[in-house]
Amino acid sequence: MATFVSHMPLEAFELGKTEPPGIIFEEFDLPPGNQRVLGPPHPEGTKIPLALRPSNPDGAELDLETVVETIKSLQAKGDILTKKLAVHGALLFRGLPVHDAQDFSKFAHAFDEIIGIVVDRPLLAPNVAPANESPKEVQIYNHNESPQVPHAPEYVFFYGHRAVAPGRGGETPASSSLELFERARREVPELARALAEKGILSRVTYRASAQHAGGSTLQQAFGKEMRDGDDAAARRAKVEAQIARYGRGEHTTWEWIEDGEGAGIVLTHRLPAVRTQPGTGLPTLFTGLAAYHRSARVGRGNPTQQLFGDGAPIPEAWLARLAAITDDIRVLHRWQRGDVLVLDNVVAQHGREPWRGGQADRVVMASLFDGDHLPGAYTADDWAQVVQALDG
């Protein structure tokens, strides 16, 4: 039987100001559809995203160094910005003097208590890589980052380097995982309880080549120690050693396969789909289930299979309802060049809308970070424990 934790309510508070010569971040409203008022359990009137733009009290031109020092000052005064993230789920910074990957890296690293995570895409600057590079026709539906593995980042930063013309798509959807759980608890209570009590079995197949655009190969996922000249046995041993570093025992297993598509490995994790927000203990639906459901409906192959933690399939009608709720609570961030969108991955989901035009018409970069605290499991069972990023 699952044991559930008690929780404290979220609390709204003022942003605060830095001492001179720091700048001021002023809140502003976005058009309908790009911003909405969140439902319970968020404080009344809480918006996603909270939109902020810098202003300089003395009228001087903004420079990146001053912006970075202001961010550091706000964080030093009790982690003001990351606490705002915990309430709103997403912060939009507009009007920053951020013009390229290096500027974006400096801005993201100003949130200085968090630890950068190396990703398996080409690095453009310290801890900065291209965001998902799937073809422009592909919709990436709302999900928490990396819900299918035991480690997921706590913070996700996006930078809009090149924006699609208005009306041509390419928006980044955002929604609250806290609100999603609350709605699911009321509207699909059987699903919410089953996910909390059983968790999910996440079965991910990795092969020598990516199985869909933007997917990871076996080498990218677990082959960091592989070297040219390694025979098959050595390569397998190195992959298994990387997987074993999760330290989850029987709750993370693997099986080598050889079929018509070639050699590969099926990695199975039993994971919590309901996790708790650090500090409040509020339940958050940390998952990509609606995204997997939508991908299956349009016939897009996915190497990840999601089942209840006891191996039972998740009813299609429940997944469809979860996707419908997500449609109802999401907003679409319409990019402007220089925008930085920051998400608390524990309590916010994101995605990517298709766009018309060329693939290169939209360039968004990403930076992923760990926080000080793991998103706790909603139950005390061993299978529900997750891990921090692995060193090295």
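**Figure 1. Strands β12 and β13 pair in the antiparallel sense over 8 bridges in this predicted model.** Strand β13 covers residues 262-271. One bridge links D259 to its partner G262 in β13. Helix α7, made of residues 232-244, lies across β12 and β13. Its direction makes an angle of about 150 degrees with β12. Over 145 degrees counts as roughly antiparallel, so helix α7 is roughly antiparallel to β12.

**Figure 2. An open sheet holds β12 and β13 together with β11 and β16.** The sheet has 4 strands. Read across the sheet, the order is β12-β13-β11-β16. The pairing is antiparallel. Which strands stand at the edges? They are β12 (252-259) and β16 (304-308). Each has a single partner strand, so one side of each is left without a neighbour in the sheet. On average, neighbouring strands are turned by 20 degrees against each other, direction ignored.

**Figure 3. A second view shows an open sheet in the order β8-β19-β10-β17.** This sheet is built from 4 strands, and the pairing is antiparallel. Its edge strands are β8 (140-143) and β17 (331-333). Each of these edge strands pairs on one side only. From one strand to the next, the twist averages 20 degrees.

**Figure 4. Helix α4 lies across strands β10 and β19.** The helix spans residues 177-187. It runs at about 60 degrees to β10. Strand β10 takes in residues 172-176, and strand β19 takes in residues 348-352. How many bridges join β10 to β19? There are 3, and the two strands run antiparallel. In one bridge, S175 has Q349 of β19 as its partner.

**Figure 5. Helices α1 and α2 pack against each other at an angle of about 75 degrees.** Two numbers set the scene: packed helices are described by the angle between their axes and the distance between the axes. Helix α1 runs over residues 64-76, and helix α2 over residues 80-88. Their axes are 6 Å apart. Angles of 65 to 115 degrees count as roughly perpendicular. The two helices, α1 and α2, are therefore roughly perpendicular to each other. Which residues of α1 and α2 meet? From α1 come I71, L74 and Q75. From α2 come I80, L81 and T82. By class, this contact has 4 nonpolar and 2 polar residues, with no charged ones.

**Figure 6. D79 sits in the loop between α1 and α2.** What is the sign of its phi, positive or negative? For D79, phi is positive, at about 55 degrees. This residue has that value although it is not a glycine.

**Figure 7. Cis peptide bonds join P40 to P41 and I48 to P49.** For the bond between P40 and P41, omega is about 10 degrees. P41 lies in the loop between β2 (36-37) and β3 (47-48). For the bond from I48 to P49, omega is near -10 degrees. P49 is found in the loop between β3 and β4 (50-55).

**Figure 8. The largest cavity holds about 50 Å³ of space.** Rolling a probe the size of a water molecule over the atoms shows where empty space is left. How many cavities of 30 Å³ or more does a search of the whole structure find? The search finds 2. Lining the largest cavity are A163, V164, G169, G170, E171, R334, W335 and R362. By class, this lining has 3 nonpolar, 2 polar and 3 charged residues.

How values were computed
Residues are numbered from 1 along each chain as its sequence is written. This is a predicted model: local features need pLDDT of at least 70, side-chain atom pairs count only at pLDDT 80 or more; totals for chains, interfaces and linings use all residues. Side-chain values use heavy atoms; hydrogens and water are left out. Axes are lines fitted to C-alpha atoms, for helices over the stretch in contact, and angles run from 0 to 180 degrees between N-to-C directions. Angles under 35 degrees count as roughly parallel, over 145 as roughly antiparallel, 65 to 115 as roughly perpendicular and the rest as oblique. Contact means heavy atoms within 4.5 Å. Ala, Val, Leu, Ile, Met, Phe, Trp, Tyr, Cys and Pro count as nonpolar, Asp, Glu, Lys and Arg as charged, and the others, Gly among them, as polar. On a 1 Å grid over the protein atoms alone, a cavity is a set of points where a 1.4 Å probe fits but cannot get out, and a pocket is an open set with protein on both sides within 12 Å along at least five of seven lines; lining residues have an atom within 4 Å of a point. Grid points are joined across faces, edges and corners, and a volume is the space filled by probe spheres set on the points. Two strands pair if DSSP finds at least two bridges between them.
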